[in-house]
Amino acid sequence: GGATALDVATGDHTSVTGETLNVRVVAHTLNVLNNYATQRFVVVEAPTISSGASSTITDAATLAITGAPVDAASAAITNPYALWVQSGRAGFGGGVRLTSSTLTIATGQVTVTKAHHLIDTEGAAFSDELTGIAGGLAGDILILRAANDARTVVVRNGVDNLKLAGVGSLGDFTMDNDNKVLVLIYDGVTW
C-alpha cells in the first residue's frame, strides 16, 4: 500500500535516441517498524512503443537498475532482488533465481511457460515419455527435473522437437529422481 509520490505521464516523442524518462531514486534508508511481506521502492508500468512507419527497436527495456536493496542495522531482507519481474520476459547479465512450476505430460507433450519446470507423468503413471516441448523463443534456456521420485520421466532424443546429445535412444535422458536435471536451449526449432 501507500500513496503515489510521483506519477509521470510522458508525451509523444517524434525523435528519441536514448532514455525517454530518467528517474533517479536516490539511495536512502527505509526504517521499518513492523514485518510486512513486500516492499517495492519503484513500480514502473509497461510502456508501449508505437510508430506510424516501419521501425525497429534493437534493445528495449522498461527499467535499468544498478543493484538490489541492501539491509542495514537490525533489518534483514530475505530475498533482495535488484529486479522483480512480476510478469513478462526479461534479459539478465548477472545471476538469476528461477522459480519452477509443475507440468504434466499429455500425450508425450508439455508446453513451457517458465525457464524451470518439474515434469510429471500423465495420470501419475509409474513411467512416461516426454517426446516434445511446445512454447519458448529462440535462445530460451529450459531447466527440467522430475516432479516425483516415485515416477520416471524419459526425455526422448530425436522425437518431435527434442535433440539431445547422443544418437537415437542412446541420447534419451531418464529422470528417475528429482536430483537429475536436464538443461536445454531452444534454437527456434528444437530443444
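Q: What makes two strands a pair?
A: Two strands pair if DSSP finds at least two bridges between them. The strands discussed here belong to a predicted model.

Q: How do you know that β4 and β7 pair?
A: Four bridges join β4 to β7. At least two are needed, so the two strands count as a pair. They run parallel. Asp128 stands opposite Val153 in β7.

Q: What makes β7 and β8 a pair, and in which sense do they run?
A: Strand β7 covers residues 152-155 and is joined to β8 over three bridges. The requirement is at least two, so this is a pair as well. Its sense is antiparallel. Val153 has Met175 as its bridge partner in β8. Val155 stands opposite Phe173, also in β8.

Q: Why is the pairing in the sheet of β4, β7 and β8 called mixed?
A: The three strands form an open sheet in the order β4-β7-β8, with mixed pairing. Strands of a sheet can pair either parallel or antiparallel. Here β4 and β7 run parallel, while β7 and β8 are antiparallel.

Q: Why do β4 and β8 stand at the edges?
A: β4 (127-130) and β8 (173-175) each have a single partner strand, so one side of each lacks a neighbour in the sheet. From one strand to the next, the twist averages 20 degrees.

Q: How do you know that both faces of β7 are covered?
A: Side chains in a regular strand alternate between the two faces of the sheet. In β7, Thr152 and Val154 lie on one side, and Val153 and Val155 on the other. All of these are buried. Buried means under 20% relative accessible area.

Q: What makes the faces of β6 unlike those of a strand covered on both sides: which face is covered and which uncovered?
A: Strand β6 spans residues 141-146. Leu142, Leu144 and Ala146 make up the covered face. Ile141, Ile143 and Arg145 make up the uncovered one.

Q: How do you know that β3 and β6 pair?
A: Four bridges link β3 and β6, and at least two are required, so they pair. The sense is parallel. One contact is that of Ile119, whose bridge partner in β6 is Ala146.

Q: What makes β6 and β9 a pair?
A: Five bridges connect β6 with strand β9, residues 181-185. At least two would do, so the pair holds. The sense is antiparallel. Leu142 stands opposite Leu184 in β9, and Ile141 has Ile185 as its bridge partner there.

Q: What makes β1 and β9 the edge strands?
A: Four strands form an open sheet with mixed pairing, in the order β1-β3-β6-β9. β1 and β9 each pair on one side only. Neighbouring strands of this sheet are turned by 35 degrees against each other on average, direction ignored.

Q: Why is the aromatic pair of Tyr186 and Trp191 called stacked?
A: The count comes to one aromatic pair. The ring centres of Tyr186 and Trp191 are 4.5 Å apart, and pairing asks for centres within 6.5 Å. The planes stand at 25 degrees, and planes under 30 degrees apart count as stacked, so the pair is stacked. Both Tyr186 and Trp191 are buried.

Q: Why does Thr107 count as exposed?
A: Thr107 has 70% relative accessibility, and exposed means over 50%, so the label fits. Thr107 sits in the loop between β1 and β2 (109-111).

Q: What makes the phi of Thr107 worth a remark?
A: Most residues other than glycine have a negative phi. Thr107 is not glycine, yet its phi is positive, near 45 degrees.

Q: Why is Ala124 called partly exposed?
A: The relative accessible area of Ala124 is 47%, which falls between the 20% and 50% limits, so Ala124 is partly exposed. Its place is the loop between β3 (116-120) and β4. Phi of Ala124 is near 55 degrees, a positive value in a residue other than glycine.

Q: Why is Val42 partly exposed?
A: Val42 has a relative accessible area of 43%, between the 20% and 50% limits, so partly exposed is the label. Val42 lies in the segment before β1 (101-104).

Q: What makes up the nonpolar surface patch?
A: Leu30, Val32, Tyr36, Phe41, Val42 and Val44 make a patch of about 500 Å². Patch residues need over 30% relative accessible area, and Val42 has 43%, so Val42 meets that condition.

Key. Residues numbered from 1 in each chain as written. Predicted model: local features only at pLDDT ≥ 70, side-chain atom pairs only at ≥ 80, totals over all residues. Heavy atoms only, no water. Phe/Tyr/Trp six-rings, centres within 6.5 Å; stacked < 30°, edge-to-face > 60°. Buried < 20%, exposed > 50% of the residue type's maximum accessible area, 1.4 Å probe, protein only. Axes fitted to C-alpha atoms, helices over the stretch in contact; angles between N-to-C directions. Patch = residues over 30% accessible without salt bridge, like charges linked within 9 Å, V, L, I, M, F, W, Y side chains within 5 Å. Areas by Shrake-Rupley, 256 points an atom, 1.4 Å probe, with all protein chains shown as cover. Salt bridge = Lys/Arg side-chain N within 4 Å of Asp/Glu carboxyl O.
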